[in-house]
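Trainee: I have a fresh structure to look at, and I'd love to go through it with you. Could we take it step by step?

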Amino acid sequence: MTEFWLISAPGEKTCQQTWDKMMAATTRTNNLSANHKFNIPDLKVGTLDVLVGLSDELAKLDSFVESVVKKVAQYMADVLEDSRDKVQENLLANGVDLVTYITRFQWDMAKYPIKQSLKNISEIISKQVTQIDNDLKTRASAYNNLKGNLQNLERKNAGSLLTRSLADIVKKDDFVLDSEYLITLLVVVPKPAYADWQKTYETLAEMVVPRSSHLLFEDQDSGLFSVTLFMKAIDDFKHKARENKFTVRDFQYNEEEMKADKEEMTRLSTDKKKQFGPLVRWLKVNFSEAFIAWIHIKALRVFVESVLRYGLPVNFQAMLLQPNKKTMKKLREVLNDLYKHLDSSAAAIIDSAMDIPGLNLSQQEYYPYVYYKIDCNLLDFKV
């Protein structure tokens, strides 16, 4: 399970007692979750008004930063394309996997100095993550354009002989060039009709040069034949060819254009390779930054909410629970029993929710204790 429940409960005589009590209820007899203390430093409390306002702002900031974390993770998967199994090993926070980072969380004093007010710390995070979001848009847009242009060219150079680029297939020697009267056409002939073509091409119009047709290339379905005729017979020849299910490609041999196409493809391919490494490095670094910022917001939210609920002086224990999937409902019940004395109105909401069939309790995100969910499954697909 990559889901964590970050909760807090007021310190009893000591915070250690609060911890011991929760451990006894959730692990000693029934193994409902793996638990870790979640260390939050002594932050500056500020006034009640500021805390109430901050509570709402942090909720919005939490959603925003989570969305950026997911965007960076998802874009990493898109960029790694064929190596999606490598995505998870690139999604690290401070050089360790996400579960390790969360379960051993330490506040980053250098990035988010605790001498600053809570509001300042939240503004530092907001600015930092907004910058990551904007940079991601710019970088993704540039790389996607490059990738899109390259894919369009690759598509042009693949696919059916009826539509694909012929630059890699034909050579100068295949054509009569610079003639006042003669022209070489390229005709796509289905494989089953090769014999028909050989029998009829010289008589499809007047003025077709005898024995001028050559097979230049074939794919699974058809072949590309050249044929030389007098220019004045072009329209007549095209019309008759169509009646016989032979397709004349609209193509003029132009060495400069073909060379330019090939060079463009090489340039785009080289540019994509050049940008790939730095882009993946940027995504790794900024995923880590955004994820770290997100967990710090969770810590801020627990702190603010715990002070608002349990009052001053600051005295609460923050705890990180990793529930076992099969026992989540039971764990929720055990926690509610343990903490229902903290807030009777929350307990009433939960009791009534449990009595109404079909009402999904997970929608009732208010409990007698402070609670936030952290879901580390950040990708839309299973790796």
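Trainee: What distance separates the centres of domain 1 and domain 2?

Mentor: Happy to help, and keep in mind that this is a predicted model. The protein is divided into domain 1, covering 1-123 + 287-373, and domain 2, covering 170-251. With the centres taken over C-alpha atoms, the separation of domain 1 and domain 2 is 73 Å.

Trainee: Thanks! Now the strands: in what order do they stand in the open sheet of four strands?

Mentor: Let's build it from the pairs. Strand β3 (residues 182-190) pairs with strand β5 (residues 222-230) in the antiparallel sense over nine bridges. Three bridges join β3 to strand β6 (residues 247-249), again antiparallel. With β4 included, the order is β4-β5-β3-β6.

Trainee: Which strands stand at the edges, and why is one side of each left without a neighbour in the sheet?

Mentor: The sheet is open, with the order β4-β5-β3-β6. An edge strand has a single partner strand, so one side of it is left without a neighbour in the sheet. The twist averages 35° from one strand to the next. The strands at the edges are β4 (214-218) and β6.

Trainee: Which residue in β6 stands opposite Leu 186?

Mentor: It helps to place the register of β3 against β5 beforehand. Leu 182 stands opposite Phe 230 in β5, and Val 188 stands opposite Leu 224 in β5. Turning to β6, the residue opposite Leu 186 is Arg 249.

Trainee: Which helix lies across β3, β5 and β6, and at about what angle does it run to β5?

Mentor: The helix to look for spans residues 234-243. Lying across those three strands, helix α7 runs to β5 at about 150°.

Trainee: Why are α2 and α5 called roughly parallel?

Mentor: Two packed helices are described by the angle between their axes and the distance between the axes. Here the axes of helix α2 (residues 48-80) and helix α5 (residues 118-156) come within 10 Å and cross at roughly 25°. Angles under 35 degrees count as roughly parallel. That crossing angle therefore makes α2, relative to α5, roughly parallel.

Trainee: And how many nonpolar residues are in the contact of α2 with α5?

Mentor: The crossing of these two helices, α2 and α5, is left-handed. Their contact includes four polar and seven charged residues, and the nonpolar residues number 17.

Methods:
Residues are numbered from 1 along each chain as its sequence is written. This is a predicted model: local features need pLDDT of at least 70, side-chain atom pairs count only at pLDDT 80 or more; totals for chains, interfaces and linings use all residues. Side-chain values use heavy atoms; hydrogens and water are left out. Two strands pair if DSSP finds at least two bridges between them. Axes are lines fitted to C-alpha atoms, for helices over the stretch in contact, and angles run from 0 to 180 degrees between N-to-C directions. Contact means heavy atoms within 4.5 Å. Angles under 35 degrees count as roughly parallel, over 145 as roughly antiparallel, 65 to 115 as roughly perpendicular and the rest as oblique. A crossing is left-handed if the near helix is turned anticlockwise from the far one by less than a right angle, and right-handed if clockwise. Ala, Val, Leu, Ile, Met, Phe, Trp, Tyr, Cys and Pro count as nonpolar, Asp, Glu, Lys and Arg as charged, and the others, Gly among them, as polar. Domain bounds come from an automatic or database domain assignment.
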